[in-house]
Amino acid sequence: MDIGMIGLGKMGANMARRLIAGGHRVVGANRSYETAQALAAEVGLVPAASLAEVVAAMPVPRAIWVMVPAGAPTEAVVSELAELLAPGDTIIDGGNTFYKDDIRRAAELQAKGIHYVDVGTSGGIWGLTEGYSLMIGGEPETVERLRPIFETLAPAADQGWGRVGPAGAGHFVKMVHNGIEYGLMQAYAEGFEIMHAKKAFDLNLHQIAEIWRVGSVVRSWLLDLTANALNDDPELSDIAGWVADSGEGRWAVFEAVDLDVPAPVITLSLQQRFISRQDESYAAKLLAAMRNQFGGHAVKAK
């Protein structure tokens, strides 16, 4: 099956590699044409210098996968494609789009006869070899027509992917997925920090991670990755304690508020990421000052 791939960053390029290895013809374009040319030489991708060239090189009905940063970049690409594509063609957004933008775009494109599918994609740098988890929103008939693409990208033809609802549902589920991921990561981080602080036992954290990986109720892929990191550098000496967020964790918290759903773990894990970015917390200093004021508790001078 032919597919256009817009955006050949790390994940987009790996998805193109997996599709080509699975027998699909991929026409790819990137902001840097050299990137598309390099993939052409490496795996046989058909390089294109523009969105118009991608569309021209595709048989109808076309399927164009957009893999660029969420927000304005995705909006610009989808808007340009909407003017280039014909009724019956499909735009697939595999980035981290806010699900309400998907709902709006699907309605706008439907008026032009163009289908829209949103795919929440998980797998990161391991997706090339392990396959991607795909949470798909869109019309049932359109998703079914694109089945060969999803079966190739997923860990197995019948595992790790599926249509979860109409347009917007794919990225909504991925948003919640990432919120859960935040909570899991925070729990592991806190548990290992408690053990790291117990100097009297001289615990080997890599060994403990390896023990937990087999048979334990807390075993998971995140724990596998934690074990890898601790094996490389048990003290994590080369890593700064600054943690970014992609935005989906925030959206999950906002959605919980809108739906009156309590989500304290996800919310607190997001707040902990904000704390990690402070070299010095004004709030913490004020807490120390208040303790000094009401109880005469000592404060540490700077």
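**Close-up 1. R104 and its partner D101 in helix α5.** R104 is partly exposed because its relative accessibility is 31%, a class lying between buried (under 20% relative accessible area) and exposed (over 50%), judged with a 1.4 Å probe and protein chains only. D101 is also partly exposed, at 26%. The two residues form a salt bridge whose closest N and O atoms are 3.4 Å apart; the term stands for a side-chain nitrogen of Lys or Arg within 4 Å of a carboxyl oxygen of Asp or Glu. R104 and D101 are three residues apart in helix α5 (residues 99-110), so about one helical turn separates them. Helices (H or I, at least four residues) and strands (E, at least two) are DSSP runs numbered from the N terminus. The structure is a predicted model, in which local features need pLDDT of at least 70 and side-chain atom pairs count only at pLDDT 80 or more, while totals for chains, interfaces and linings use all residues. Residues are numbered from 1 along each chain as its sequence is written, and side-chain values use heavy atoms, with hydrogens and water left out.

**Close-up 2. The salt bridge between E248 and K174.** The closest N and O atoms of this pair are 3.4 Å apart. E248 belongs to helix α12 (residues 248-258) and K174 to helix α9 (residues 169-197), so the bridge ties together parts that are 74 residues apart in sequence. E248 is buried, with a relative accessible area of 0%. K174 is buried as well, at 5%.

**Close-up 3. The salt bridge between R250 and D245, and a network of bridges.** The side chains of R250 and D245 meet at 2.8 Å, N to O. R250 is partly exposed at 33% relative accessibility, whereas D245 is buried at 16%. Elsewhere, salt bridges with shared partners join E75, D93, D101, R104, R105 and E108 into one network. The total count of salt bridges is 17.

**Close-up 4. Helix α1 and the residue just after it.** Helix α1 covers residues 10-21, which makes 12 residues. From first C-alpha to last it reaches 17 Å, close to the 16 Å expected at 1.5 Å a residue, where the expected span is 1.5 Å times one less than the number of residues. Its buried residues are G12, A13, N14, M15, A16, R18, L19 and I20. Just after the helix, G23 takes a positive phi of about 95°.

**Close-up 5. The largest nonpolar core, around W65 and F150.** A nonpolar core is a set of buried Ala, Val, Leu, Ile, Met, Phe, Trp, Tyr and Cys residues joined through side-chain atoms within 4.5 Å. The largest one has 28 residues, and W65 and F150 have the most contacts inside it. At least two core residues come from each of β1 (2-6), α1, α2 (33-43), β4 (63-66), β6 (115-122), β7 (133-137) and α8 (147-153). Helix α1 gives the most, with five residues. Neighbours within four places in sequence aside, F150 is in contact (heavy atoms within 4.5 Å) with W65, V117, V119, L134, I136, V143 and W161. A second, separate core of 21 residues includes A48, V55, M58 and A82.

**Close-up 6. T90 in strand β5.** Strand β5 spans residues 90-93. T90 is buried, with a relative accessible area of 0%. Leaving aside neighbours within four places in sequence, T90 is in contact with R62, A63, I64, H115, V117, T142, R145 and L146.

**Close-up 7. Helix α14 and the loop before it.** Y282, L286, L287, M290 and F294 form a nonpolar patch on the surface, with about 590 Å² of accessible area together. Patch residues have over 30% relative accessible area and no salt bridge; like charges are joined within 9 Å, and nonpolar side chains (Val, Leu, Ile, Met, Phe, Trp, Tyr) within 5 Å. Accessible areas come from the Shrake-Rupley method with a 1.4 Å probe, and for residues only the protein chains shown count as cover. Y282 is in helix α14 (residues 282-295) and counts as exposed at 60% relative accessibility. Q278, in the loop between α13 (264-276) and α14, is partly exposed at 42%. The C-alpha atoms of Q278 and P47 are separated by 44 Å, with their positions 231 residues apart along the chain.
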